[in-house]
Amino acid sequence: MGNDISFDPNYVKGFVSQDELDEIFPEVQKAHDLLENKNGPGNEFLGWMDLPETIDEGLLREIEDTASDIKSKSDALICIGIGGSYLGTRAAIELLYPEFARQKVFFAGHNLSGEHLRELINELEDKDVCVNVISKSGTTTEPAIAFRIIEDFLIKKYGTDGAKDRIICTTDRKKGALKAMADKKGYKTFVIPDDIGGRYSVLTPVGLLPIACADINIRDLIKGAKSQRERSLECDLEKNMSYKYAAIRNILYRKGKRIEILSDFDYKMFFLGEWWRQLFAESEGKDSKGIFPTTCNLTTDLHSIGQLIQQGERNIFETFLVVKKEDTTYVVPESKDNLDKLNYLAGKDLDFINKRAYDATSEAHFEGGVPNTTIVMPERSAFCLGQLFYFLEKTVAISGYLSGVNPFDQPGVEAYKTKMFKLLGKPGY
């Protein structure tokens, strides 16, 4: 259908053959069976698979009503979270929400920068503010510290009772420090489902509430994900684009292509790349395995690491992410003097020029020994973004099983925390 995202593997010819796709297909079938029968590693975290179909209408209404209340009494929402608790949200807002709109969503708790928090609080000193803190446990260091500081800021600004009506906690249903705090202080809560891991949670209240606060239609987002779910049920490499992408990635990996670059052609997609990077890195990077995911924002990065991509070590492959149709653009004007020698572009719009840059880049990189595929969004919309979110979640789930790892855990993340807690003198460490 014309409104659906699509996947173009044209520039892997010569790097991935049909025989190789046929050869890996039994492994894809096995991975498919593990996922669909829910008997593979990490099967307790498969709630995201059916979420677009099963999400409760009452929950959607509650999210929309809460977002309306937030917008009615505040100039800004501070979204506190790290990793999967904020990256999908920020990806959606950066892509779909006008950058210079009045109602702002700010982000905190994704770093340990005191300067960042100070500047944020200074910025919001004279504004009305609400806060959505997102954490399954409530003890993750970065968001927990940020929330303690920002909660104190709100209490000083509005008083204890006033702050209570401006704080929403998205957390565990029954347990954890944040849940206990919300119950004790009377903060409104939304639930992070037990069977959905953080990096797969953008279509839960984790992402839906702050996304709705940015005037993005969350129902369209869910509709897009539901559409893509229906398109990815069949185990067929020609009909199921998630499976084809996963198969190609693993064939290239086994041939020594250890690094994947997600390259977009729109700076508003930067955080979409950050979300993709976490999704794929945490899902596949374990047991001494994993494709290293990194990102490029083009055409900007063609003037920085473009040289390495074109002529560096041939251990990389590339996935382009492009929007087929932009709603607005600018036409290059004619110049009488033509001192910048750009009159050959006069009358052409920036979107047309950007698309030719993509065409040239994908072809040049392919000819330079970098196999590449392209994910095409027909338009910049919540529906297409919902499709994209689900497509990539399904891809990495199958891809993880193909590489022999559990794509739904992240045990390595705890290693640095243990050492940090010891150095900070946390009790028990």
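Here is a quick briefing on the sheet, some buried residues, the salt bridges and a surface patch in this structure. Keep in mind that this is a predicted model. It has an open sheet of five strands, and it holds 33 salt bridges. A nonpolar patch of about 260 Å² sits on the surface.

**The sheet**

- Reading across the open sheet, the strands come in the order β1-β10-β9-β7-β8, and the pairing is mixed.
- At the edges you'll find β1 (6-11) and β8 (292-297), each with pairing on one side only.
- On average, neighbouring strands here are turned by 25 degrees against each other, direction ignored.
- β1 runs antiparallel to β10 (residues 372-379), and four bridges join the two. If you want a spot to look at, find Asp-8, which stands opposite Thr-374 in β10.
- Over at β7 and β8, the strands run parallel and are joined by six bridges. Ser-263 has Cys-296 in β8 as its bridge partner.
- β7 is largely enclosed by the rest of the structure, because five of its six residues are buried.

**Helices on the sheet**

- β1 and strand β10 pair over four bridges, and helix α10 (residues 241-254) packs on this sheet, touching β1, β7 (259-264), β9 (316-325) and β10. The direction of α10 makes about 35 degrees with that of β1.
- Helix α14 (residues 382-402) packs on the sheet as well, with β1, β9 and β10 as the strands it touches. Its direction makes about 150 degrees with that of β10.

**Two buried residues**

- Gln-228 belongs to helix α9 (residues 218-231). With a relative accessibility of 1%, Gln-228 counts as buried.
- Setting aside residues up to four places away in sequence, Gln-228 touches Ile-5, Met-241, Gln-387, Tyr-390 and Phe-391.
- Phe-271 is part of helix α11 (residues 270-284), and its 14% relative accessibility makes it buried.
- Beyond its neighbours within four places in sequence, Phe-271 is in contact with Tyr-86, Leu-87, Arg-90, Ala-91 and Glu-94.
- From Phe-271 to Asn-297 you go 26 residues along the sequence, while the C-alpha to C-alpha gap is 10 Å.

**Salt bridges**

- Side chains of opposite charge can pair when their charged atoms come close.
- Arg-254 and Glu-27 meet through their side chains in a salt bridge, at 2.8 Å from N to O. Arg-254 is in helix α10 and Glu-27 in helix α1 (residues 18-37), so this pair ties together parts that are 227 residues apart in sequence. Arg-254 is partly exposed at 46% relative accessible area, and Glu-27 is partly exposed at 33%.
- Asp-152 and Lys-156 form another salt bridge, with the closest N and O atoms 3.0 Å apart. They are four residues apart in helix α6 (residues 141-164), so about one helical turn separates them. Asp-152 is partly exposed at 36%, whereas Lys-156 is exposed at 67%.
- Lys-175 pairs with Asp-172 in a salt bridge, the closest N and O atoms being 3.5 Å apart. Lys-175 is exposed at 57% relative accessibility, but Asp-172 is buried at 4%.
- There's also a network of salt bridges that links Lys-38, Asp-50, Glu-53, Lys-226 and Arg-229.

**The nonpolar patch**

- Leu-112, Ile-145 and Ile-149 make up the nonpolar surface patch of about 260 Å².
- Leu-112 sits in the loop between β3 (104-108) and α5 (114-124), and it is exposed, with 54% relative accessible area.

Conventions: Residues are numbered from 1 along each chain as its sequence is written. This is a predicted model: local features need pLDDT of at least 70, side-chain atom pairs count only at pLDDT 80 or more; totals for chains, interfaces and linings use all residues. Side-chain values use heavy atoms; hydrogens and water are left out. Patches are made of residues with over 30% relative accessible area and no salt bridge: like charges are joined within 9 Å, nonpolar side chains (Val, Leu, Ile, Met, Phe, Trp, Tyr) within 5 Å. Accessible areas come from the Shrake-Rupley method with a 1.4 Å probe; for residues, only the protein chains shown count as cover. A salt bridge is a side-chain nitrogen of Lys or Arg within 4 Å of a carboxyl oxygen of Asp or Glu. Buried means under 20% relative accessible area, exposed over 50%, partly exposed in between (1.4 Å probe, protein chains only). Two strands pair if DSSP finds at least two bridges between them. Axes are lines fitted to C-alpha atoms, for helices over the stretch in contact, and angles run from 0 to 180 degrees between N-to-C directions. Contact means heavy atoms within 4.5 Å.
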